[in-house]
Amino acid sequence: MGEARTYFDSAAADYRKRSERFPWSWIRGREARAVDAAVGSLADRSVLDLGCGAGLYAGRALARGARRVVGVDLVEAMVRNLPPGVEGVVADAASLRLGETFDRVISAGLLEFVPDPVTIFATIEAHLGADGRAAILFPAPLPAVLVYQAFHLSHGVRIRIFNRKAIAALAAGVGMRILDFRIAGPFAGVAALAHI
Ligand SMILES: C[S@@+](CC[C@H](N)C(=O)[O-])C[C@H]1O[C@@H](n2cnc3c(N)ncnc32)[C@H](O)[C@@H]1O
């Protein structure tokens, strides 16, 4: 985790700008549309974005009509770059307990970096309202994932890859289930989750 924090700390200043450049813009556009479909309507909903980075999904949630959006990231420099209107929290999503629940929880591109992915599922479960819906985006076992892995390895960061079975087991371990599972772009999967 230390390596991931160091990498994202150094990447924070122009993280959003870089993700707007090709090929990331194309990849992230496809991923974002899959996350939109997985998380469902955000109109007048409260949204928690875990591992929010510079706020691609948090900002998108506001644009899609969310009434309140809270973005959580380990790296303070990321949280400082959040779009106006997003409430930022600097914290480790693995141990986060805000003491409130949300209609929607989004976690995009976080799971692969944490030492124990179970902790992120436990945080999602703890913050998801009774009828809530969560969407997670993660690297899936597709050929192009090797490029994503190599990119992070070149910055000293090892990432994990998840298949549907692994996501289902992690969800079941915290009393959640998969509502929907789809491939999103060249190397990612998206799962929609709800309480059992
Ligand atoms: C690949 S980026 C994705 C950012 C954003 N979700 C997006 O899609 O643009 C991963 C983010 O997760 C954050 N992160 C990594 N480990 C974390 C943790 N344990 N708790 C909270 N944030 C974490 C990093 O600082 C980084 O901003």
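Of the 196 residues in this chain, 43% count as buried. Keep in mind as you look around that the model is predicted.

**Overall build**

The chain holds 8 helices and 7 strands. Its radius of gyration is 15 Å, close to the 16 Å that the globule rule gives for 196 residues, so the chain is as compact as a globular protein of that length. Along the principal axes, the C-alpha atoms fill a box of roughly 40 × 40 × 30 Å. If you count the contacts with a separation of 6 or more, 62% of them join residues 24 or more positions apart.

**The sheet and a helix on it**

How are the 7 strands ordered in the sheet? The order is β3-β2-β1-β4-β5-β7-β6, in an open sheet with mixed pairing. At the edges sit β3 (87-90) and β6 (176-184), each of which pairs on one side only. On average, neighbouring strands of this sheet are turned by 15 degrees against each other, direction ignored.

Within the sheet, β1 and β4 (residues 102-108) pair in the parallel sense over 4 bridges. You can find one pairing by eye: aspartate 49 has isoleucine 106, in β4, as its bridge partner. Helix α6 (residues 117-127) packs on the sheet, where it touches β1, β4, β5 (128-139), β6 and β7 (188-195). The direction of α6 makes about 160 degrees with that of β4.

**Around the ligand**

The ligand is surrounded by 20 residues, and the closest are Phe8, Gly51, Gly53, Ala93 and Gly109. Three elements, α1 (2-11), α4 (56-63) and β2 (68-73), each supply at least two residues of this shell. By class, the shell has 15 nonpolar, 3 polar and 2 charged residues.

**Two backbone spots to visit**

Most residues other than glycine have a negative phi, and most peptide bonds are trans. Here are two places that depart from those habits.

| Site | Backbone value | Loop |
|---|---|---|
| Phenylalanine 22 to proline 23 | cis, omega near 5 degrees | proline 23: between α2 (15-19) and α3 (24-39) |
| Aspartate 44 | positive phi, about 60 degrees | between α3 and β1 (46-50) |

Is aspartate 44 buried or exposed? Aspartate 44 is exposed, because just 10 other C-beta atoms lie within 10 Å, and a residue counts as exposed at 12 or fewer. Aspartate 44 is also not a glycine, despite its positive phi.

Definitions and conventions
Residues are numbered from 1 along each chain as its sequence is written. This is a predicted model: local features need pLDDT of at least 70, side-chain atom pairs count only at pLDDT 80 or more; totals for chains, interfaces and linings use all residues. A residue is near a molecule or strand if its C-beta atom, placed from the backbone, lies within 6 Å of it. Ala, Val, Leu, Ile, Met, Phe, Trp, Tyr, Cys and Pro count as nonpolar, Asp, Glu, Lys and Arg as charged, and the others, Gly among them, as polar. A residue is buried if 20 or more other C-beta atoms lie within 10 Å of its own, exposed if 12 or fewer, and partly exposed in between; C-beta atoms are placed from the backbone. The radius of gyration is taken over C-alpha atoms; the globule rule is 2.2 Å times the number of residues to the power 0.38. Two residues are in contact if their C-beta atoms, placed from the backbone, lie within 7 Å. Two strands pair if DSSP finds at least two bridges between them. Axes are lines fitted to C-alpha atoms, for helices over the stretch in contact, and angles run from 0 to 180 degrees between N-to-C directions.
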